[in-house]
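Biologist: Please take a close look at the metal site, and then follow the chain from there. Give me the cut-offs as you go.

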Amino acid sequence: MLTNSYQKALEHLDENKIIDLTKNLIAIPSYHGLAEPEKDISAYLYKYLAEEGFETEHVPVVGERKNVIAWHGPGRDNEKTLMLEGHMDTVDVKNMSVDPFSGEIKNGNIYGRGAVDMKGALAAMVGALTAIKSAGIPLEGRAYFAGVIDEERNYRGADYIAKNGPLTRYAIVGEPTELEIHNGHRGLIWIEVKVNGKYAHGGTPEKGINAIEKAGAIITEIITKLKPEIKKKSHPITGPSHLNLGYIKGGTQPSTVAGDCILQMDRRWLPDESQEGAVREIEAIISSLKENDPELDAEVTVIDDDMGIQFPPLVCEESSPLVNILKEASDKVINRHKTSYFPAWTDGSILSRDGGIETVVLGPGHLSSAHSEEEYCPVEEIINASKIYIYSILKICGQ
Ligand SMILES: [Zn+2]
């Protein structure tokens, strides 16, 4: 039964239309830096899906920044619901070495900002739903497309869905995994340490307190004591714990005792760790240094904490039906499957934690190409993603 409807849907899969849609989405700027990054792309997708005959909703989330929701199927059984989710916003287009909006295809790859992160996936998702609809295959449950806003910042699009629906049983987030099944990822937090010293002339260092040297002591503790501990921690689904010292700035010029120094770090935390715990680790280092150095004055803060936003981990058990279905689908489409963890953060953790939706990340292209100066996505992977999505929809939402 499934094999028949899968074959039938493939006959209606219009590969050229998916490639054209990818191109058209790339051609519409939706980068952060624009006043309302997703305004135009979301209007385009909404119109496109309505013209394809889908039931649709255009949902304002922040001002004119709207999620696009479309669905197929009567939704008689909530166990048989699947959401294909992708974000419509991209990172900035500055410093790109290729035309960010051309969608040019070279050697089987489509280029431009958002090609891999994640307009190719959006097109693959729309193409999958369209193929099933135009093949006239009836569903028992319901398959949703959700194009959301603001993933690259504060995930307000996914947050809206988690709070207001549609709340499906399962979701696939199409971030680039090279079509691997990524059923988890780590949480993310950015931590800042601000070291306060005292400015003085470099010739009279005894009159000042050197914040760069104090920061150096903190860095040494992080490298020699904290990082080896973090390195020991790993989780079977989300992979290893990690801390990256990513940014440092301090002082004014060589002949002045540096009166301030700022360190910023990225901490990837596991389901059995916590955001608060990650902050406490750094605070503990400072407290212990202070015992021998009363001059040390440093504050620890969470960056971008003004909206109270947390970036939690995602976990979908390997035993989940969704993981098994994606294995089957991958075997069918690309003759292989691999499960792993997604190295970056996704909306999936919000859909899962706050919306109770079992979520897996699977999409076309390689993560390393995302945010890069030469962003591209292999066209063949976009088409294969579409086929994997078709198989998954039929298996989960079918009769
Ligand atoms: Zn992304």
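Modeller: I start at the metal site, then turn to a helix, unusual backbone spots, salt bridges and domains.

This is a predicted model, in which local features need pLDDT of at least 70, side-chain atom pairs count only at pLDDT 80 or more, and totals for chains, interfaces and linings use all residues. Residues are numbered from 1 along each chain as its sequence is written, and side-chain values use heavy atoms, with hydrogens and water left out.

The metal is a zinc ion. Its protein donors are His87 through NE2, Asp117 through OD, and Glu175 through OE, the last of these listed twice. They lie 1.8 to 2.5 Å from the zinc ion. Donors here are N, O and S atoms within 2.8 Å of the metal (3.2 Å for Na, K and Ca); water is not among the atoms, so sites may look incomplete. Along the chain, the donors of the zinc ion are spaced H-x29-D-x57-E. His87 sits in strand β3 (residues 81–87). Glu175 sits in the loop between β7 (170–173) and β8 (181–185). These two residues are 88 residues apart, so the pair links distant parts of the chain. Helices (H or I, at least four residues) and strands (E, at least two) are DSSP runs, numbered from the N terminus.

Now the geometry. The angles subtended by the four donor atoms around the zinc ion run from 55 to 143 degrees, so the arrangement is irregular. Four donors count as tetrahedral if all angles lie between 85 and 135 degrees; four count as square planar and six as octahedral if opposite donors are over 155 degrees apart and all others between 65 and 115; anything else is irregular. The ideal angle for four tetrahedral donors is 109.5 degrees.

His87 and Glu175 are both buried. Buried means under 20% relative accessible area, exposed over 50%, and partly exposed in between (1.4 Å probe, protein chains only).

Strand β3 and strands β7 and β8 come up again at helix α9. They are among the elements that cover the buried residues of α9. The cover also includes α5 (156–164), β17 (314–315) and β19 (358–361). Contact means heavy atoms within 4.5 Å. Helix α9 spans residues 348–355, and its buried residues are Gly348, Ser349, Ile350, Leu351 and Gly355. Just after α9, Gly356 takes a positive phi of about 65 degrees.

Back to the donors. The peptide bond from Asp117 to Met118 is cis, with omega near -5 degrees. Met118 belongs to helix α4 (residues 115–134). Another cis bond runs from Gly165 to Pro166, with omega near 5 degrees. Pro166 lies in the loop between α5 and β7. Most residues other than glycine have a negative phi, and most peptide bonds are trans.

The loop that holds Glu175 is also where Glu178 is found, between β7 and β8. Glu178 is not a glycine, yet its phi is positive, about 55 degrees. Its relative accessible area is 32%, so Glu178 is partly exposed.

Asp150 also has a positive phi, near 70 degrees, and is not a glycine. Its place is the loop between β6 (142–148) and α5. Asp150 is buried, at a relative accessible area of 0%. Its side chain meets that of Arg156 in a salt bridge (2.8 Å, N to O). A salt bridge is a side-chain nitrogen of Lys or Arg within 4 Å of a carboxyl oxygen of Asp or Glu. Arg156 is partly exposed, at 25% relative accessibility.

Asp150 and Arg156 are linked with Glu38 and Arg65 in a network of salt bridges. Glu38 pairs with Arg65, their closest N and O atoms being 2.7 Å apart. Glu38 lies in the loop between α2 (15–27) and α3 (39–51), and Arg65 in strand β2 (residues 65–72), so the pair ties together parts 27 residues apart in sequence. Glu38 is buried, at 0%. Arg65 also counts as buried, at 8%. The structure holds 25 salt bridges.

Last, the domains. The chain is divided into domain 1 (2–185 + 313–397) and domain 2 (187–307). These bounds come from an automatic or database domain assignment. Taken over C-alpha atoms, the domain centres are 37 Å apart. The contact takes 15 residues from domain 1 and twelve residues from domain 2. Between them the two domains bury about 900 Å², 73% of it on carbon and sulfur atoms. Buried area is the accessible area (1.4 Å probe) that two parts lose on being put together, summed over both. Zero salt bridges are counted between domain 1 and domain 2.
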